[in-house]
Amino acid sequence: MSRYEITYGEHDIFTTETGREPTMQRQFGAPWRSPEYPAGVSWQEAHDYCAWLGEQSGLPFALPTEAQWEYAARSRGKVVPFATDTGLIEPGVNYPPSTRYPFPVGNFPPNPLGFYDMSGNVQEWVADWYDPAYYSKSPEHNPQGPETGTEKVYRGGGSK
């Protein structure tokens, strides 16, 4: 997992290098559409970005599973209400104040594992298909998510 959410600046390199159209927010002229803000992309775009990054670097890159995301957000699986530096929400201190728009990445302190913006800012895609009953029948350790489905899971929260 990356320390920070992927920014428009990073995602724009991907779209330029692969001959793709920039993400939709550019066409809509959203006020937060600049290089330091988290990229608003579809699940497929997020998946393709990870695959491309792996090809470019020679390292394994993929969206995390929901369980991996939760483990990182909760600082190795601790029981905390929110994935902030303290486990609490303090608007304007460790969590974005109420707004319709996201903030540039890394504006607030990371959680104890060093991951930024896991609570608040934007929702983040994970690899899993959505199945509300999956965890009642999943393996206890490192569940990989359902094999099929019609919707993908996102975690975190805030603007999208």
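Asp117 touches Glu5, Val105, Gly106, Asn107 and Glu124, leaving aside residues up to four places away in sequence. This is a predicted model. Asp117 is buried but has no salt bridge. Further topics are the aromatic pairs, helix α4 and the loop between β1 and β2.

**Asp117, a buried acid**

- Asp117 sits in the loop that runs between α4 (66-73) and β1 (123-129).
- Which side chain of opposite charge is nearest to Asp117? Arg3 is, at 10 Å.
- A salt bridge requires a side-chain nitrogen of Lys or Arg within 4 Å of a carboxyl oxygen of Asp or Glu. The 10 Å to Arg3 leaves Asp117 with no salt bridge.
- The Asp117 side chain does reach a backbone atom: the nitrogen of Gly106, at 2.9 Å.
- Gly106 is also listed among the residues that Asp117 touches, with Val105 and Asn107.
- Two acidic residues, Glu5 and Glu124, are touched by Asp117 as well.

**Aromatic pairs**

- The structure holds 7 aromatic pairs.
- Phe103 and Phe108 form an edge-to-face pair, because their planes stand at 75° and the class begins over 60 degrees. Their ring centres are 5.7 Å apart.
- Tyr134 and Tyr135 also pair edge-to-face, with 5.1 Å between centres and 75° between planes.
- Phe103 is partly exposed, because its relative accessibility is 21% and buried means under 20%.
- Phe108, at 10% relative accessibility, counts as buried.
- Tyr134 is buried, with a relative accessibility of 10%.
- Tyr135 is partly exposed, with a relative accessible area of 41%.
- Which residues do ring pairs link into a cluster? They are Phe14, Tyr49 and Trp52.

**A charge over a ring**

- Lys152 lies over the face of Trp129.
- The distance from Lys152 to the Trp129 ring centre is 3.9 Å.
- Trp129 falls within β1 (123-129), and Lys152 falls within β2 (152-156).

**Helix α4**

- How many of the 8 residues of α4 are buried? The count is 6, so the helix is mostly covered.
- The buried set is Glu66, Ala67, Trp69, Glu70, Ala72 and Ala73.
- These buried residues pack against β1 and β2.
- An α-helix has 3.6 residues a turn, so residues three or four places apart point the same way.
- Glu66 and Glu70 are both in the buried set, as are Ala67 and Trp69.
- Just after α4, Ser75 takes a positive phi of about 50°.

**The loop between β1 and β2**

- Gln144 is placed in the loop between β1 and β2, and Asn142 is placed there too.
- Gln144 is partly exposed, at 46% relative accessible area.
- Asn142 is partly exposed, at 48% relative accessible area.
- What does the side chain of Gln144 reach at 3.0 Å? The partner is the backbone oxygen of Asn142.
- Gln144 touches Thr65, Asp128 and Tyr134, leaving aside residues up to four places away in sequence. One of these, Tyr134, is buried and pairs with Tyr135.
- Gln144 and Arg3 are 141 residues apart in sequence, with 22 Å between their C-alpha atoms.
- Asn142 and Ser42 are 100 residues apart in sequence, with 25 Å between their C-alpha atoms.

How values were computed:
Residues numbered from 1 in each chain as written. Predicted model: local features only at pLDDT ≥ 70, side-chain atom pairs only at ≥ 80, totals over all residues. Heavy atoms only, no water. Helix = DSSP H or I, 4+ residues; strand = E, 2+ residues; numbered from the N terminus. Buried < 20%, exposed > 50% of the residue type's maximum accessible area, 1.4 Å probe, protein only. Polar contact = N/O pair within 3.5 Å; in protein donor to acceptor, adjacent residues only side chain to side chain. Contact = heavy atoms within 4.5 Å. Phe/Tyr/Trp six-rings, centres within 6.5 Å; stacked < 30°, edge-to-face > 60°. Lys NZ or Arg CZ within 6 Å of the ring centre and 35° of its normal.
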